[in-house]
Amino acid sequence: PTMTYVSMGMMDITFDCECSDCQASVKKHGSYSNLYFNFVNEVARRSREEFPNLAITCFSYVNARLPPTGIRFEPNVAVKIVIKSYMLQDPEYAKAQQAAIMEFSNAGAGWFFHDWRFAGVTPRNDLPDVARFLRWAAENRCLGAYYEYSPEQNFYLDGAYYWILMRLTSDPF
């Protein structure tokens, strides 16, 4: 009762169910998103009366990474959308990512994002693209950000980069 959120997240694993109901949903919708987000919505609906301040968080990831079709999210659902901001330099990727996020948002989901910021993957020159995304996110009801990095980062080389990233995240304008 004292918790402020319950995570319905998934990890780095694809899943597949061979039952006829799951296979019919995947065939109809093209992914497991409808099954997963219907489940999340049902948990949110059932918990809202007893725990009105509880947010149900979940992931848009692996085989439930696509926005579901025909679902209106419960008001206490917040979707953590996994992005690859190092790919925002590609205008087509950025446009597709923003469109997918807006599908979740327009269906009533609160949203925040999960981003990988590993020095071995992330180019050091991507901060202008990240800044544009963060400004767009702030203008489109983003609830927050979660950055994942490796403890093996070399802060002698990458410290300034992370400092600038945190400043941009605090105030993207």
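**Exercise 1. The residue after α4**

Which residue just after α4 takes a positive phi? Work out where this residue sits and whether it is buried or exposed.

*Solution.* Keep in mind that we're working with a predicted model.

- Step 1: Look just past the end of α4, where Arg141 has a positive phi of about 65°.
- Step 2: Check the residue type: Arg141 is not a glycine. Most residues other than glycine have a negative phi.
- Step 3: Place it. Arg141 belongs to the loop between α4 and β5 (142-148).
- Step 4: Get the exposure. The cut-off for exposed is over 50% relative accessible area, and Arg141 has 52%, so it counts as exposed.

**Exercise 2. Another positive phi**

Find out what phi Val62 has, where Val62 lies, and whether it is buried or exposed.

*Solution.*

- Step 1: Val62 shows a positive phi of about 35°, and it isn't a glycine.
- Step 2: Its home is the loop between β2 and β3.
- Step 3: Buried means under 20% relative accessible area. Val62 comes in at 14%, so it counts as buried.

**Exercise 3. Asn63 and its surroundings**

Take Asn63 in the loop between β2 (55-60) and β3 (77-83). Decide whether Asn63 is buried or exposed, then list what it touches beyond four places in sequence.

*Solution.*

- Step 1: The relative accessible area of Asn63 is 14%, so this residue is buried.
- Step 2: Now collect the contacts, skipping residues up to four places away. Asn63 touches Ile13, Thr14 and Phe15, and also Ser31, Tyr32 and Ser33.
- Step 3: Try a distance to Ala44. The two are 19 residues apart in sequence, and their C-alpha atoms lie 21 Å apart in space.

**Exercise 4. Ala44 in its helix**

Which helix holds Ala44, and what does Ala44 contact outside its neighbours within four places in sequence?

*Solution.*

- Step 1: Locate it: Ala44 is part of helix α2 (residues 33-48).
- Step 2: Read the accessibility. It is 0%, so Ala44 counts as buried.
- Step 3: With the sequence neighbours set aside, Ala44 is in contact with Ile56, Glu74, Asn76 and Val77.
- Step 4: Add a C-alpha distance: Ala55 is 11 residues from Ala44 in sequence and 7.7 Å from it in space.

**Exercise 5. Two buried polar residues**

Where do Gln97 and Thr122 sit, and what do Gln97 and Thr122 touch beyond four places in sequence?

*Solution.*

- Step 1: Gln97 is in helix α3 (residues 91-106). Its relative accessible area is 10%, so Gln97 is buried.
- Step 2: Gln97 touches Ile81, Val82 and Ile83, with residues up to four places away left out.
- Step 3: Thr122 sits in the loop between β4 (110-116) and α4. Relative accessibility there is 7%, so Thr122 counts as buried.
- Step 4: On the same terms of sequence separation, Thr122 touches Tyr86, Trp116, Arg117 and Tyr161.
- Step 5: For a long-range check, pair Thr122 with Ser31. They're 91 residues apart along the chain, and 28 Å separates their C-alpha atoms.

**Exercise 6. The geometry of α4**

How far does α4 reach from its first C-alpha to its last, and which of its residues are buried?

*Solution.*

- Step 1: Helix α4 covers residues 127-139, which gives 13 residues.
- Step 2: Its reach is 18 Å, close to the 18 Å expected at 1.5 Å a residue.
- Step 3: Now go through the burial. Leu127, Asp129, Val130 and Ala131 are among the buried residues of α4, as are Phe133, Leu134, Trp136 and Ala137.

**Exercise 7. Zooming out**

What order do the elements of the chain run in, and how does its radius of gyration sit against that of a compact globule?

*Solution.*

- Step 1: Count the elements: the chain has 5 helices and 5 strands. From the N terminus on, the order is β-α-α-β-β-α-β-α-β-α.
- Step 2: Apply the globule rule. For 173 residues, a compact globule would have a radius of gyration near 16 Å; the chain has 17 Å, so the two agree.
- Step 3: Get the extents. The C-alpha trace spans about 50 × 35 × 30 Å along its principal axes.
- Step 4: Turn to burial and surface. Of the 173 residues, 45% count as buried. The accessible surface is about 10200 Å², with 56% of it belonging to carbon and sulfur atoms.
- Step 5: Sort the contacts with a separation of 6 or more: residues 24 or more positions apart account for 76% of them.
- Step 6: Finish with the charges. The chain has 16 positive and 19 negative charges, and their mean positions are 5 Å apart.

Terms used: Residues numbered from 1 in each chain as written. Predicted model: local features only at pLDDT ≥ 70, side-chain atom pairs only at ≥ 80, totals over all residues. Heavy atoms only, no water. Helix = DSSP H or I, 4+ residues; strand = E, 2+ residues; numbered from the N terminus. Expected span 1.5 Å × (residues − 1). Buried < 20%, exposed > 50% of the residue type's maximum accessible area, 1.4 Å probe, protein only. Rg over C-alpha atoms; globule rule 2.2 N^0.38 Å. Contact = heavy atoms within 4.5 Å. Areas by Shrake-Rupley, 256 points an atom, 1.4 Å probe, with all protein chains shown as cover. Lys, Arg positive; Asp, Glu negative; His and termini not counted. Charge placed at Lys NZ, Arg CZ, Asp CG, Glu CD.
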